[in-house]
Amino acid sequence: MSADIKLLDQNTANQIAAGEVVEKPASVVKELVENSLDAGAHNVEVAIYEGGTEFIRVRDNGSGMTAANAKLAVLRHATSKIRTAEDLLSLHTLGFRGEALPSIASVSKFTLLTRPEGEEFATSITMDGDSKPEVGTAGGSVGTTVTVKDLFFNVPARRKFLRTINTEGRYINDIISKLALSRPDVHFTLLNNDKEVINTPGNGDLLDVVAALYGKNVAKETLPVSYRDEVVAVEGFIGKPTLLKGNRQWQTVFVNGRTINNRMVSK
């Protein structure tokens, strides 16, 4: 016998979407920091506790949002980055689906604080898993701060699939490192349990980012790569034989500013 077909309620739909967007704490950090970069931020600070399972905060100095836009931002498929399907062919942003914030909020205790330039007060939006957004005003600097607490508190089965706190913390470190390498013009800071583990200069010099992430001795043992023709441009740094590694862990590749994993390119 066939069962009756019914529409899922909004919270269930959000939690299913969260399974695609939010795999682990590093997924949350990636989505939020990419939003910061799309908002034009030049200063991004990430703070985590317990590998991001208990606390994640991403603070930026981007454009911020008006109260009306902030209310829309926590709804699924609400985005400022595309208007029609044709826009997907000319994307210049890291995100575009409009699912990150509502998906994250549906599986955490979520707070959004945002203020655009020219407005006196910031807009505050608080959500607690399946609760409706609570909207208010508060003091805040220009930009956006998103705080995520108790990730997967309402879907305990998902927490069982998380790795150790140290491993989840390393995943976040790796995400921030790659984003920093892709955007040397942005000042990135990562605090892990109040300890600063990443601090890039944000001066636009890729070699300085390499030095900040891997150490000055490593930066000294690199060679610049630069090639351009009418089809493609390749820029970056490669290590001298003194930096030879037994695996590709230190290889990072970006295409149009987005990190990728491609065996053919790495080979």
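This is a short tutorial dialogue on reading features of a predicted model.

User: Let's begin with the sheet. How many strands form it, and in what order?

Analyst: Here is the general idea. Strands of a sheet pair through backbone hydrogen bonds, either parallel or antiparallel. In this predicted model, eight strands make an open sheet, and their order is β5-β4-β3-β6-β2-β1-β7-β8. The pairing is mixed. At the edges are β5 (134–138) and β8 (195–199), each of which pairs on one side only. On average, neighbouring strands of this sheet are turned by 15 degrees against each other, direction ignored.

User: Which strands pair in the antiparallel sense, and over how many bridges?

Analyst: One such pair is strand β3 (residues 109–115) with strand β4 (residues 122–128), over six bridges. To find one of them, look at K109: its bridge partner in β4 is D128. Strand β3 is also joined to β6 by seven bridges, and these two run antiparallel. There, L113 has T145 of β6 as its bridge partner. Towards the other edge, strand β7 (residues 187–192) and β8 are antiparallel as well, with four bridges. In that pair, L190 has I198 of β8 as its bridge partner.

User: Where do helices α2 and α6 lie?

Analyst: Helix α2 (residues 25–38) lies across β1 (43–49), β2 (55–60), β6 (143–149) and β7. Its direction is at about 10 degrees to β2. Helix α6 (residues 165–182) lies across β1, β7 and β8, and runs at about 175 degrees to β7. Here is a link to look for in the view: S27, in helix α2, and Y171 are 144 residues apart along the chain, yet their C-alpha atoms are separated by 9.0 Å. S27 is buried because its relative accessible area is 12%, below the cut-off of 20%.

User: Which residues have the most contacts inside the largest nonpolar core?

Analyst: They are V33, V44, V46, F110, V148, I176 and F188, in a core of 43 residues. Take I176 as a case to follow. Leaving aside neighbours within four places in sequence, I176 is in contact with V29, V33, V46, F188, L190 and I198. You have already met L190 and I198 as bridge partners.

User: Now the rings. How do I describe a pair of them?

Analyst: A pair of aromatic rings is described by the distance of the centres and the angle of the planes. There are two aromatic pairs in this structure. In one of them, Y49 and F55 have ring centres 5.3 Å apart and planes at 70 degrees, so the pair is edge-to-face. The cut-off behind that reading is an angle over 60 degrees.

User: Are Y49 and F55 buried or exposed?

Analyst: Y49 is partly exposed, because its relative accessibility is 29%. F55 has 16%, so F55 counts as buried.

User: Which charged ends sit over a ring?

Analyst: One belongs to K24, whose charged end sits over the ring of Y171 at 3.9 Å from the ring centre. Another belongs to K109, sitting over the ring of F153 at 5.2 Å from its centre. This K109 is the residue you saw bridged to D128.

User: What should I look for in phi?

Analyst: Most residues other than glycine have a negative phi, and most peptide bonds are trans. D150, however, has a positive phi near 50 degrees. D150 is in the loop between β6 and α5 (156–159), and is partly exposed because its relative accessible area is 22%. N256 also has a positive value, near 55 degrees, and its place is in the loop between β11 (253–255) and β12 (258–260). N256 is exposed, because its relative accessible area is 81%. For a glycine case, turn to the hairpin of β3 and β4, with six residues between the strands, where G118 has a positive phi near 100 degrees.

User: Last one: what does E134 touch, and is E134 buried or exposed?

Analyst: E134 is in strand β5, which is one of the edge strands. Not counting residues up to four places away in sequence, E134 touches S124, I125 and T126. E134 is exposed, because its relative accessible area is 57%. From E134 to T111 there are 23 residues in sequence and 9.4 Å in space, C-alpha to C-alpha.

Terms used. Residues numbered from 1 in each chain as written. Predicted model: local features only at pLDDT ≥ 70, side-chain atom pairs only at ≥ 80, totals over all residues. Heavy atoms only, no water. Phe/Tyr/Trp six-rings, centres within 6.5 Å; stacked < 30°, edge-to-face > 60°. Buried < 20%, exposed > 50% of the residue type's maximum accessible area, 1.4 Å probe, protein only. Lys NZ or Arg CZ within 6 Å of the ring centre and 35° of its normal. Core = buried A, V, L, I, M, F, W, Y, C linked by side-chain atoms within 4.5 Å. Contact = heavy atoms within 4.5 Å. Pairing = 2+ DSSP bridges. Axes fitted to C-alpha atoms, helices over the stretch in contact; angles between N-to-C directions.
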